[in-house]
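Biologist: I am new to this structure. Please show me how to read the ligand site and the charged pairs.

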Amino acid sequence: MSPTLVSEHLNNIAVGYVDSVDSEYAKRLAKKWHLNYLGHVVAASKQPQLEFVLQMHHHALELCKLDEPKLGAIKVDFVEGAVAHRRKFGGGRGQDIAKAVGLKHGFTPHVLDATAGLGRDAFVLAGLGCKLTLLERMPVVAALLDDGIERAKLHHEVADIANNMQLFHGTSLDEVDLDLAPDVVYLDPMYPHREKSAAVKKEMRIFQSLVGEDLDADDLLAPALALATYRVVVKRPSYAPPLANKKPSMSINMKKNRFDVYVKLAIPKA
Ligand SMILES: C[S@@+](CC[C@H](N)C(=O)[O-])C[C@H]1O[C@@H](n2cnc3c(N)ncnc32)[C@H](O)[C@@H]1O
């Protein structure tokens, strides 16, 4: 993964390991992502300022919230679980996200996912054949995603999909010279959740408490529109106003979310 554009030192997070066989790898990860190195995870109890531990466990990178151990750990897993289920049974090119990015007339766009997060939406699109460039600004999230992509590259069922995903760690569309002309820019910034926290899935609660809200999300729309050749797609909760209060060309409504689509150019016919 390259390049590393942000150098931050977060004091409430450290990288550690569960099994000593992973200790050297965990040390290298801490260096790569400019995070503090903890050593064995049991050492976390001696560091009260720590809120999160990014731990190597069974050769995968996981994020734990120390004051809420019942929430468990989150990792990026493209091989098993919900993401794998969606790959097999999610509806292929007929699903809403595919329609939103313009997978039609045999057209398979190059998509820049500029708010990559844990890469679930990007993986769906890469699984449908799209070339994916991913941008994530938070080093901890980028580290989790990078680890998930690299593990997926080693698994025969999903290696081809993971090889279609290139992750960049960067702060914004303006600053990063991606040297690319994406057909579509996809945005899914964090938006305050309405549900009471108990109703939000455990995994989502850890993620939300780490990332918070993307208060500058409105600033993403103009550079996204400048960069995309055909369209910009924004995922929003159903109750949220459009990004930057800009009316989309069309919306695709789902149960809890919708895709706002800003069309620049019609999708070409093959
Ligand atoms: C809701 S999550 C995206 C979830 C993702 N669509 C998925 O399927 O896993 C939003 C992510 O965008 C990132 N983000 C927000 N604004 C960004 C920006 N300007 N540049 C890069 N990443 C950004 C946040 O750090 C967060 O990880």
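Modeller: Start with a contact: an oxygen atom of the ligand is 3.2 Å from a polar backbone atom of Arg120. A polar contact is a pair of N or O atoms within 3.5 Å; within protein, one must be able to donate a hydrogen and the other to accept it, and residues adjacent in sequence count only if both atoms are side-chain atoms. This is a predicted model, where local features need pLDDT of at least 70 and side-chain atom pairs pLDDT 80 or more, while totals for chains, interfaces and linings use all residues. Residues are numbered from 1 along each chain as its sequence is written, and side-chain values use heavy atoms, without hydrogens and water.

Biologist: Which atom of Glu136 lies 2.7 Å from an oxygen atom of the ligand?

Modeller: A polar side-chain atom of Glu136 does. For Arg137, a polar backbone atom is 3.2 Å from a nitrogen atom of the ligand.

Biologist: How do I read a salt bridge?

Modeller: Side chains of opposite charge can pair when their charged atoms come close. The rule asks for a side-chain nitrogen of Lys or Arg within 4 Å of a carboxyl oxygen of Asp or Glu. The count comes to 13 salt bridges. In one of them, Glu68 and Arg205 meet at 3.0 Å, N to O. Glu68 lies in the loop between β4 (60-65) and β5 (73-74) and Arg205 in helix α7, so the pair ties together parts 137 residues apart in sequence. Here helices (H or I, at least four residues) and strands (E, at least two) are DSSP runs, numbered from the N terminus.

Biologist: Which residues are linked with Glu68 and Arg205 in a network of salt bridges?

Modeller: Glu51, Lys65 and Asp67 are.
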